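The exercises below concern a predicted model. Each states a task and then works through a solution step by step.

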Amino acid sequence: MSARRLRRRFTSGLMTLLVCALCGVAVLALFLILGDLVVKGASSLDWNFFVKNPVPAGQAGGGVANAIVGTAIIVGIAALIGLPVGIGTGLYLAEYGSGRLGWTVRFIADVMNGTPSIVVGIFAWTWLVKPMGHFSALAGSVALAVLMVPMIARTSEEMIRLVPHSLREAALALGYPRWRTSLRIVARTALAGIVTGCLVGVARIAGETAPLLFTALGNLNFSTSLLQPMQALSLQIFTYATGPFEDWHRMAWAAALVLMGLVLLLSLAARWAIRQRHVAR
Amino acid sequence: MSPAEQRRQLETVHLTALYGRRPVVKDVSLLFPANTVTAMIGPSGCGKSTFLRCLNRMHELSQGGWITGRVLLDGQDIYEPAVDPVQLRRRIGMVFQKPTPFPTMSIHDNVAAGLRVNGKKSRGETDQIVERALRHAALWDEVKDRLRSSALALSGGQQQRLCIARALAPEPEVLLLDEPTASLDPGGTQRIEELCHELKARYTIVIVTHNLQQAARVSDRTAFFWLGRLVEYGDTADMFTKPKEKLTEDYLTGRFG
């Protein structure tokens, strides 16, 4: 009896230790990356880094203002295209997607979720960059939007599915038409969750590099024209990090830190949205 | 007033309700006179809830749900192709077993929810209707100072009365109550039962209940369902004191159920 108890205690302790150790490995990697970023990037961060454009290699100073603005524009346009389509698809899947069409859409979304982002980039290059004859920020936005739609669709669907069926019935029994029930009651009840999913989706595509390589291309100058090549933080990091200059490497670290900071801000906004939902309940 | 003199508000004629090929309500013909409370009793799974959901065409929204037979509201068959089920449900209010306040809406907006789909009304008009509905549901005094706060802040019993107010606001002709007190404490149950007595002056009420004492307390007439069939229907007082059918007697005396 006592021996069995001892063995159980030993196994339990061992397993707990194992799980903690594995968790530690994951967290350690995360903190190493974060720490490295801060150590190597923070020293290059100053006001100029945010407000100045890049200077030619070898010169001192300069910043990544064009890349910060570029990322904001490219990701913003991508969100404008991707969010309505994604949320709409999610609403369709959750509310009307029980048939064969729903199954097909869901399957395609899952496959697209697993598609490497560089493939999406090639797709955008073939269908937008090539016919237009030049690289453009718009092509980059479309590529990012395509990446975003399946992600947003599936998370929105999950969030909408969480709304109790009884609420739908209550609205229908009040004489709400079905579409109005979906929009006014179901989607609105799931709104906080949908918003959270959208913010996470936006944060994820903000760091994408591969689809932008042959769409938005990058730009050394400050540009806000959607039809011209545009710089983005991720592209800037790629250029700087693969370049031969010590100064560039330093800038790459700093740009990476800025990008990380932006994503962190978005994630915090997502957390805040979740909190709002719980406070409301 | 004898049943013959009363306006025949709601009536089913050979109503059979099915899920796919499986009938759950079998050939039920029932009459719900105006301004009376009719209770539907019977063991779980006897089809009384499904029957209730046929009366406002909610049953057809369930997977595989369809009916044969007729349901007449003021003499008109509500299953005729010309009848829009969405419009119909605005004339027949329903309250469910669990309170279902809309979580994103305030107390005021919950009650006004059914008004909005009925066409635009001025704010003053809406406020008046909301107050009247809340008064009828005996909730006004408890919430009048916090109409703008979330409906989820209310207790379970209050939420259920809110749902009744929400069903009353569009002024339906019939009120369907599907075990409205199943998730309430005795105090909340008593309030709802008192409400039934007050509301029947203005509405035709059909209440499904598991609770025999409740049926005896609130209803004028009682229908006893068993395995999808209507076994007995009559004045509540008669049925509870001298049931005609052996089955009814056995159920009422607790020999099964």
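Five exercises follow, moving from one chain to the contact between chains and then to the strands of the other chain.

**Exercise 1. Describe the make-up of chain A: how many helices and strands does it have, and what share of its residues is buried?**

Solution.
Step 1. Chain A has 12 helices and 0 strands. Read from the N terminus, its elements are therefore α-α-α-α-α-α-α-α-α-α-α-α under the DSSP assignment.
Step 2. The C-alpha trace of chain A spans about 65 × 65 × 35 Å along its principal axes.
Step 3. Of its 281 residues, 39% count as buried.
Step 4. Among the contacts in chain A with a separation of 6 or more, 73% are between residues 24 or more positions apart.

**Exercise 2. Determine which residues have the most contacts inside the largest nonpolar core, and which helix gives the largest share of that core.**

Solution.
Step 1. The largest nonpolar core has 142 residues, and A:A216, A:A255 and B:A165 have the most contacts inside it.
Step 2. Helix α6 of chain A, residues 137-161, supplies the largest share of this core with 16 residues.
Step 3. Take A:A216 and leave aside residues up to four places away in sequence: its contacts are A:I74, A:F135, A:A137, A:A139, A:G140, A:P229, A:M230, A:A232 and A:L235.

**Exercise 3. Classify A:F50: is it buried or exposed, and which residues does it touch?**

Solution.
Step 1. A:F50 lies in helix α2 of chain A, residues 47-51.
Step 2. The cut-off for an exposed residue is 12 or fewer other C-beta atoms within 10 Å. A:F50 has 12 such atoms within 10 Å, so A:F50 is exposed.
Step 3. Beyond residues up to four places away in sequence, A:F50 touches A:G63, A:A65 and A:I68.
Step 4. For A:F50 and A:I68, the separation is 18 residues in sequence and 7.7 Å in space, from C-alpha to C-alpha.

**Exercise 4. Analyse the contact between chains A and B: how many residues does each chain give, and which element of chain A gives the most?**

Solution.
Step 1. Chain A gives 16 residues to the contact and chain B gives 20 residues.
Step 2. On the side of chain A, the elements that give two or more residues are α7 (165-173) and α8 (178-189).
Step 3. The most come from α7(A), with 6 residues.
Step 4. By type, the side of chain A that touches chain B divides into 9 nonpolar, 3 polar and 4 charged residues.

**Exercise 5. Trace the pairing of strand β9 of chain B: which strands does it pair with, and in which sense?**

Solution.
Step 1. Strand β9(B), residues 221-226, is mostly covered, with 6 of its 6 residues buried.
Step 2. In a regular strand, side chains alternate between the two faces of the sheet. From β9(B), B:R221, B:A223 and B:F225 point one way, while B:T222, B:F224 and B:W226 point the other way; all are buried.
Step 3. Strand β3 of chain B, residues 37-41, pairs with β9(B) in the parallel sense over 4 bridges. B:M40 has B:A223 as its bridge partner in β9(B).
Step 4. Strand β10 of chain B, residues 229-235, runs antiparallel to β9(B) and is joined to it by 6 bridges. The bridge partner of B:R221 in β10(B) is B:D235.
Step 5. β9(B) and β10(B) form a hairpin with 2 residues between them, and B:L227 in the turn has a positive phi of about 50 degrees.

Conventions: Residues are numbered from 1 along each chain as its sequence is written. Chains are lettered from A and ligands numbered from 1 in the order in which they are written. This is a predicted model: local features need pLDDT of at least 70, side-chain atom pairs count only at pLDDT 80 or more; totals for chains, interfaces and linings use all residues. A nonpolar core is a set of buried Ala, Val, Leu, Ile, Met, Phe, Trp, Tyr and Cys residues joined through C-beta atoms within 7 Å. A residue is buried if 20 or more other C-beta atoms lie within 10 Å of its own, exposed if 12 or fewer, and partly exposed in between; C-beta atoms are placed from the backbone. Two residues are in contact if their C-beta atoms, placed from the backbone, lie within 7 Å. Ala, Val, Leu, Ile, Met, Phe, Trp, Tyr, Cys and Pro count as nonpolar, Asp, Glu, Lys and Arg as charged, and the others, Gly among them, as polar. Two strands pair if DSSP finds at least two bridges between them.
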